[in-house]
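Colleague: I'm new to this one, so could you walk me through it? Let me put it up on the screen before I start asking.

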Amino acid sequence: YPKNKFEVIVIDNGSIDESYKTIAKLFPQTKLIRNKHNLGYVTAINQGLETAKGKYIFLGNDDMIIDKDAIFQLVKYLNEHPEAGIVGGKIYYKSSPDKIASCGYMLNRWTGNIYDAQKPDLIKEVDWIQGCALCIRRKALTRTGNLDDRFGLIYFEDTDICFRVKESGYKVIYLPYVHFWHGVTTTMNKNLPAKYFYWYKNKIQFILKHLNFPQIICILSLQIFLVFPIRL
């Protein structure tokens, strides 16, 4: 991607290893925002969104490998398709580079079941793109506002922003020819009780925010009386 056409913003969310000094030394052109404490993922991302000046904004996690033409392809699609508000690509597992981790997600509005969008090799509209590698149009973000910081540390903040973008009139599009590799919950898997707590807390918050009353009752009944006890 042309170097004079983009800015890189790094949020140091309370690191204690002085890695920010390495970033500042090796990449002086980077805009580095340092937090004295870990403010949570959503708050940190919003700091970047408020700082960014671009027409399009790419959100990336710190454990991502980005294919060299990925950003170019995402921006090219957004330039050519004004109806698209968010775009993302095919995400592979970093530990198994040929295994697909995400090709866009769909949500069953009555059961709460989340599943991979079908046909991973086709361009398609999806319910949401995983937030570890998501490109959003500035105009769409202006309509919706930043990420909802009520989702806090992790989970469903990306689902929420994609649903809000769709509700504002834009589409969320998956592009199979754009590739990323991700660590995929490596950190959260070290603490499964915390992982499930944040997952269910934010999932309930999400459905209360976006679905209608009959759907909420149906999903909560299934989740509370069937799925959650099985997970426990």
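**Strand β10 and its surroundings**

Modeller: Let's start with β10, which is covered on both faces: Ala-133, Cys-135 and Arg-137 on one side, and Leu-134 and Ile-136 on the other, are all buried (buried is under 20% relative accessible area, exposed over 50%, partly exposed in between, with a 1.4 Å probe and protein chains only). Helices (H or I, at least four residues) and strands (E, at least two) are DSSP runs, numbered from the N terminus. Keep in mind that this is a predicted model, where local features need pLDDT of at least 70, side-chain atom pairs count only at pLDDT 80 or more, and totals for chains, interfaces and linings use all residues. Residues are numbered from 1 along each chain as its sequence is written, and side-chain values use heavy atoms, leaving out hydrogens and water.

Colleague: How many bridges join β3 to β10, and which residue in β10 does Tyr-56 stand opposite?

Modeller: Strands count as paired if DSSP finds at least two bridges between them. β3 (residues 56–60) runs antiparallel to β10, and the two are joined by 5 bridges. Opposite Tyr-56 you'll find Arg-137.

Colleague: And over how many bridges does β5 pair with β10?

Modeller: β5 covers residues 84–93, and its pairing with β10 is antiparallel too. Ile-86 stands opposite Ile-136 there. The count for β5 and β10 is 3 bridges.

Colleague: What covers the buried residues of helix α3?

Modeller: α3 spans residues 70–80, and its buried residues are Ala-70, Gln-73, Leu-74, Val-75, Tyr-77 and Leu-78. Contact here means heavy atoms within 4.5 Å. The cover includes β3, β4 (64–66), β5, β10 and β11 (171–182).

Colleague: Asn-79 is in α3 as well. Which residues does Asn-79 touch, not counting those up to four places away in sequence?

Modeller: Asn-79 counts as partly exposed, because its relative accessibility is 46%. Leaving out residues up to four places away in sequence, Asn-79 touches Lys-55 and Tyr-56.

Colleague: Zooming out, what is the radius of gyration of the chain?

Modeller: The chain has 7 helices and 11 strands. The globule rule (2.2 Å times the number of residues to the power 0.38, with the radius taken over C-alpha atoms) gives 17 Å for 232 residues, and the chain's value is close to that, so it is as compact as a globular protein of that length. The radius of gyration is 18 Å.

Colleague: Last one: what share of the chain's residues count as buried?

Modeller: The C-alpha trace spans about 55 × 45 × 35 Å along its principal axes. Of the 232 residues, the buried share is 42%.
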